[in-house]
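Biologist: I am new to this structure, and I would love a close look at one part of it. Could you walk me through the salt bridges, step by step?

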Amino acid sequence: MSEAWHRVHPLAGVLAALARAISGASVRWLDSRPEPRQRIYFANHSSHLDVVVLWAALPPELRASTRPVAAQDYWDRGRLRRFLAARVFRAVLIERNLGAGAGRVAAATRSIERLTAAIDAGDSLIVFPEGTRGTGEQVAPFKSGLFHLCRVRPGVELLPVYLENLNRILPKGEVLPVPMLSRVTFGPPLQREPEEPRAAFLERTRAALVRLRER
């Protein structure tokens with residue numbers, strides 16, 4: 001963890017405090033606790049605030065070694081977004097519009113390679129397995145990326161995180177946030193079972209996330 005602190009930009013603490021103030025987020029840890037260990041935090045996705053608020057909900061010493069996984073087409077657009085993604089959040093940018101056929105397979109392979117490189121460097125990750133923003137009313141079926149990542153790096157602990165009300169604070173298409181309370185709930189850890197099929201794994205992890213909404 002000490003080495004990770006050298007990678008923290010001075011703006012990180014400021015933006016974390018700002019995100020907490022805007023979202024009014026309370027943080028709960030259910031059957032889990034913040035620990036200095038490598039994890040893949042996976043969450044529902046309904047707002048542009050999701051990445052920043054989840055990242056800000058982690059204690060500073062964990063934020064220092066946790067990298068959000070974000071869409072390259074969004075965060076690579078404009079100087080400010082590129083600066084925040086690269087220097088402050090240290091985001092792992094992946095391709096979202098993959099196309100079709102061989103090009104799609106190649107793009108997906110590149111994304112997994114970037115994620116495994118971050119894991120091999122000792123970082124934790126924040127991922128959104130739905131693949132795109134939803135309405136906030138329900139958790140959409142998971143894309144297969146989380147499965148492939150856990151298949152190639154099976155020893156990393158998974159932690160579900162449910163984000164509540166962020167879609168109402170910053171609705172899709174809006175620029176200014178609406179004052180409202182939100183909540184970030186971290187659930188119990190899990191891992192992929194040996195030889196667990198893709199469909200069963202994705203449904204089990206999605207169910208773990210949905211259960212947090214009901215607690």
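Modeller: Happily! Let us begin with the term itself: a salt bridge here is a side-chain nitrogen of Lys or Arg within 4 Å of a carboxyl oxygen of Asp or Glu. Side chains of opposite charge can pair when their charged atoms come close. Please keep in mind that this is a predicted model. By the rule above, the count comes to 12 salt bridges.

A good place to start is Glu-157 and Arg-39, whose side chains form a salt bridge with 2.6 Å from N to O. Glu-157 belongs to strand 6 (residues 157-164) and Arg-39 to strand 2 (residues 39-43), so this pair ties together parts that are 118 residues apart in sequence. Both Glu-157 and Arg-39 are buried.

Now turn to Glu-35 and Arg-37, where another salt bridge joins the side chains at 3.6 Å, again N to O. Arg-37 has a relative accessible area of 43%, so this residue counts as partly exposed.

For another link, look at Arg-67 and Asp-123: their closest N and O atoms are 3.7 Å apart, and they form a salt bridge. Arg-67 sits in strand 3 (residues 66-71), while Asp-123 lies in the loop between helix 7 (101-120) and strand 5 (124-127), so the pair links distant parts of the chain, 56 residues apart. Asp-123 counts as buried because its relative accessibility is 3%, and buried means under 20%.

Finally, back to the earlier residues: Arg-33, Glu-35, Arg-37, Arg-39 and Glu-157 are joined into one network by salt bridges that share partners.

Conventions. Residues are numbered from 1 along each chain as its sequence is written. This is a predicted model: local features need pLDDT of at least 70, side-chain atom pairs count only at pLDDT 80 or more; totals for chains, interfaces and linings use all residues. Side-chain values use heavy atoms; hydrogens and water are left out. Buried means under 20% relative accessible area, exposed over 50%, partly exposed in between (1.4 Å probe, protein chains only). Helices (H or I, at least four residues) and strands (E, at least two) are DSSP runs, numbered from the N terminus.
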